[in-house]
Amino acid sequence: MNPGYAGRAELPDNLKALFRPMAMMVPDYALIAEISLFSFGFGDPRPASKKMVGTFTLSSEQLSAQDHYDFGMRAVKSVINAAGLLKRAMPDDDETLLVMRALLDVNRPKFLKDDLLLFQGIISDLFPGSTDPVRDYGKLMEMIEEKSRTNNLQPVAAFTSKCIQLYETTTVRHGLMLVGPTGGGKTLVNKVLAEAQCACNEFNLPGLVTTKRVIMNPKAITMGQLY
């Protein structure tokens, strides 16, 4: 039930009377993050784990309240998984910088424009002197630009960056939602990225496989069929 958490329901009073209450404590996010990062091969993850938890604490206090914002254990776990993937790909890089990159990769796609500026400020305060290096996506970016033109779109930076953010999110999340106003580009970001990944599959690039898109109308089928 998890009362108070987004999307959860309170236990009705007639059911509460049948159960005995039990006290719970808030978990130590920093300790959980530290141990998890150790399991991914980090040498000294304590400073980075404390900064990670500090980032989420400040974000929950300073950023606007949105339904799709989550700064709980689920968000911490996603950042840990992203940091682990980065550590595996770049084992010799600075560990604090890897955690900062994971924080940016996981959180940047979901923030509103105004909140993104505040989040960048929080990151620069907690990770002074660290800058997010410009990443070269090589053939994937080439294919995104090519498939954008194929779909009669201009491959402007705002569009291609959203395609990359969607790609990065799919590497650390099992399921996700594209949220935005009508005409914001949600369908085409999805379509262009899928086509670009299919095109990259011809070059046998790691992590880029043939992508199938199945479009369903949830109102046309029952809840049982949907799930």
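Buried here means under 20% relative accessible area. By that cut-off, 32% of the 227 residues of the protein chain count as buried. The model shown in every panel is predicted.

**Figure 1. Overview of the predicted, helical chain.** The protein chain has 10 helices and 0 strands. Read along the sequence, the pattern is α-α-α-α-α-α-α-α-α-α. The C-alpha atoms fill a box of roughly 60 × 50 × 35 Å along the principal axes. A search of the whole structure finds 4 salt bridges. Among them are the pairs Glu-95 with Lys-87, Glu-142 with Lys-139 and Glu-195 with Lys-191.

**Figure 2. A nonpolar surface patch that includes Leu-15.** Three residues build this patch: Leu-15, Leu-18 and Phe-19. Together they have about 330 Å² of accessible area. Leu-15 belongs to helix H1, which covers residues 13-16. The relative accessibility of Leu-15 is 34%, so the residue counts as partly exposed. That value also passes the cut-off for patch members, which must have over 30% relative accessible area.

**Figure 3. The Glu-95 and Lys-87 salt bridge.** The closest N and O atoms of Glu-95 and Lys-87 are 3.2 Å apart. Is Glu-95 buried or exposed? Glu-95 is buried, because its relative accessible area is 16%, under the 20% limit. Lys-87 has 9% relative accessibility and therefore counts as buried too. Side chains of opposite charge can pair when their charged atoms come close.

**Figure 4. A salt bridge within helix H7.** The side chains of Glu-142 and Lys-139 meet here, at 3.3 Å from N to O. Both residues lie in helix H7, residues 138-150. They are 3 residues apart, about one turn of the helix. Glu-142 has 45% relative accessibility, so it counts as partly exposed. Lys-139, at 27%, is partly exposed as well.

**Figure 5. A salt bridge within helix H9.** Glu-195 pairs with Lys-191, and their closest N and O atoms are 3.0 Å apart. Because the two residues are 4 apart in helix H9, about one helical turn separates them. Glu-195 is partly exposed, at 26% relative accessibility. Lys-191 is also partly exposed, with a relative accessible area of 25%. Both values fall between the limits for buried, under 20%, and exposed, over 50%.

**Figure 6. The second largest pocket and its lining.** About 750 Å³ of space lies in this pocket. The lining counts 20 residues. Which of them lie nearest the centre of the pocket? They are Leu-176, Met-177, Leu-178, Asn-190 and Val-214. By class, the lining has 9 nonpolar, 7 polar and 4 charged residues.

**Figure 7. Helices around the second largest pocket.** Helix H8 (157-172) and helix H9 (186-200) each supply at least two residues of the lining. Which helix gives the largest share of the lining? H9 does, with 6 residues. Helix H9 also carries the Glu-195 and Lys-191 pair shown in Figure 5.

Terms used: Residues are numbered from 1 along each chain as its sequence is written. This is a predicted model: local features need pLDDT of at least 70, side-chain atom pairs count only at pLDDT 80 or more; totals for chains, interfaces and linings use all residues. Side-chain values use heavy atoms; hydrogens and water are left out. Patches are made of residues with over 30% relative accessible area and no salt bridge: like charges are joined within 9 Å, nonpolar side chains (Val, Leu, Ile, Met, Phe, Trp, Tyr) within 5 Å. Accessible areas come from the Shrake-Rupley method with a 1.4 Å probe; for residues, only the protein chains shown count as cover. Buried means under 20% relative accessible area, exposed over 50%, partly exposed in between (1.4 Å probe, protein chains only). On a 1 Å grid over the protein atoms alone, a cavity is a set of points where a 1.4 Å probe fits but cannot get out, and a pocket is an open set with protein on both sides within 12 Å along at least five of seven lines; lining residues have an atom within 4 Å of a point. Grid points are joined across faces, edges and corners, and a volume is the space filled by probe spheres set on the points. Ala, Val, Leu, Ile, Met, Phe, Trp, Tyr, Cys and Pro count as nonpolar, Asp, Glu, Lys and Arg as charged, and the others, Gly among them, as polar.
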